[in-house]
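Visitor: I'm new to this one. Could you show it to me and let me ask how the labels were earned?

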Amino acid sequence: MIICTNKMEYPLRTQCQRVQKQMMVNGEKERVSLLFMKALVSRGSVDAVSQQMASHPQYLESFLRTQHYILHMDGPLPLPYRHYIAIMAAARHHCNYLVYLHSAQFLRVGGDPLWLQGLEAAPPRLRLLDHINKALAHQPWMTACSHIKTLLKAGEQCWSLAELVQAVVILAHCHSLCSFVFGCDTDSDLAPLSKSPNGTPPTFCPFDAANGNANVPQSLPTPSEHITRRRSLDSSCDMVCLKERIQKSQEEREKREERFLQTHTLQQTDMEEEEEMICFADPSRFITDSDFCYQEFARREEEFRVQDYSWEDHGFSLINRLYSDIGHLLDDRFRSVTTLPSLLSADLKRAIWNYIHCVLGIRYDDYDYGEVNQLLERDLKLYIKAMACFPDATKTSSCPLSWAPLKTSERIHVNLLIMEARLQAELLYALRAITQYMIA
C-alpha cells in the first residue's frame, strides 16, 4: 500500500494523486455499468434519461430507486393506473418521449388499449385527477384543500387518501421529469424501447463497446451453416450411411422448426407494430383546457412561506406516513442532487434552488434574494425559469433558448437541480392542501 503524506517527494505524491483519481473514475464507471445492467435486466433496455444522468451515478442510483418504487413496487394503485397517471402528467407539457414510454409500459402491465384513445376513454376516477394535474403542472399555488376534498368525496369514484398521495407523487415526478427531458433535449429521441438490432443477440449491451469491449456475441449459425459444418465433419466418418440418415432426419426437424419460428416472428412483429402505433399517441388527447398554462406568480396572492410549511418539518413526515418509505426515497434524492461533486459552488446551487421556488411562489425568509442576481447571469436565469415553468415552450420558434456556458456534465447537474427543486415545490403545495383537509 502506498501512503501519501505532505513530506513525500513531489513526483511520488503526484503519482499517488493520479492513482487515487483513476480509482475514483473506475469506481464511478463500475457503478454506472451496474446500474445499466440492472435496467437491462428489469426493463430490457436503458432509457435515454438514464443515459443522460449517467454522468452523475450517485444521483442516478437514487433517482432509479425512487422511480422503480413508485411505478413498480407495492402501493395502493394498480400498475396500469400508475402509468396512465404518468401519461396524463407528461401530456400537460406535450412530452412525446414520456407519453410514448409510459404508453408502452401501460400496455405491458395489462392496461386496456382503449384508454389510450384519450382521456375521455379512461375510467371516471382517473379523469377526476385532471384538475389537480393541470394545477400542479402549471400553477401549483392554485392547489387547494377543495381539490383534495373533491377527490376524496366523489361517491363511488372517490379516492382513498393513500391512493391520492401515490397519484400526486407520480404526477409531480413526471412533471419535473419533463423539465429534465426538454432541458437535455431527450424529447427528440423517440426510441425509448430499444429492440435488438438485426443479427444482434438481445443480451448484447451497446455500452460494452463504449467501454472498450467490442466483443459482440456471435449470432447463432443459420440452419444452412449448421448443415454445412456438420457435413464437413461427416466426411471423415466411416459410418456414412448412418450419418446421412441421421442428417436427413435432423434437416427435416430443423425445417419444421424454422417454419414455426418464421410464423411466430411474423405474428410477434405484427403485435409490436400494432403496439407502437397505439403508443405514438398525440399527447393532446390526454389533456383538457389546453390554454391553461404557467402565469407569473402575483405577489398579491398569498405566498407560500417555507417557515410555515417545509419539507423537513411537515411534508416529509406526512408523506412517509401516508405512503410508506417514499419520504426517505425522495429525501435522498433532494440531498443527493445538492451534494454532487461539481464545479457549481454551494452558493450557486442554493441560488438556483431558491430561485426556482421563488418563481413558483415559495419564499425563504432567511435567504437574501439579492444573491440570485449576483450569482446567476441573465441567460442562466431565463433558462432556469423556462425549464422549471414551461419546458415545452422552449422547443417552439417563439421561445428560442440558447444557453451553454458549462460543459455537458455541469449543464446536466443544473437540469437535475431544476427537476428536484420543481418536484419538491409541487409536493409542498399538494401536501399542504392535504394537511389542510385533514385538520379541517
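Guide: Here is a short talk about salt bridges and burial in this structure.
Guide: This is a predicted model, where local features need pLDDT of at least 70, side-chain atom pairs count only at pLDDT 80 or more, and totals for chains, interfaces and linings use all residues. Residues are numbered from 1 along each chain as its sequence is written, and side-chain values use heavy atoms, with hydrogens and water left out.

Visitor: Why is the meeting of Glu 163 and Arg 125 called a salt bridge?
Guide: A salt bridge needs a side-chain nitrogen of Lys or Arg within 4 Å of a carboxyl oxygen of Asp or Glu. Here N to O is 2.6 Å, so the pair qualifies.

Visitor: What makes that pair a tie between parts of the chain?
Guide: Glu 163 sits in helix H9 (161-183) and Arg 125 in helix H6 (124-127), so the bridge joins parts that are 38 residues apart in sequence. Helices here are DSSP runs of H or I with at least four residues, numbered from the N terminus.

Visitor: How do you know whether Glu 163 is buried or exposed?
Guide: Buried means under 20% relative accessible area, exposed over 50%, and partly exposed in between (1.4 Å probe, protein chains only). Glu 163 comes in at 15%, so buried it is.

Visitor: And what about Arg 335 and Asp 331, which also form a salt bridge?
Guide: Their closest N and O atoms are 2.6 Å apart. Arg 335, at 52%, counts as exposed, whereas Asp 331, at 14%, is buried.

Visitor: Where do those two lie relative to each other in helix H14?
Guide: They are four residues apart, which means about one helical turn separates them.
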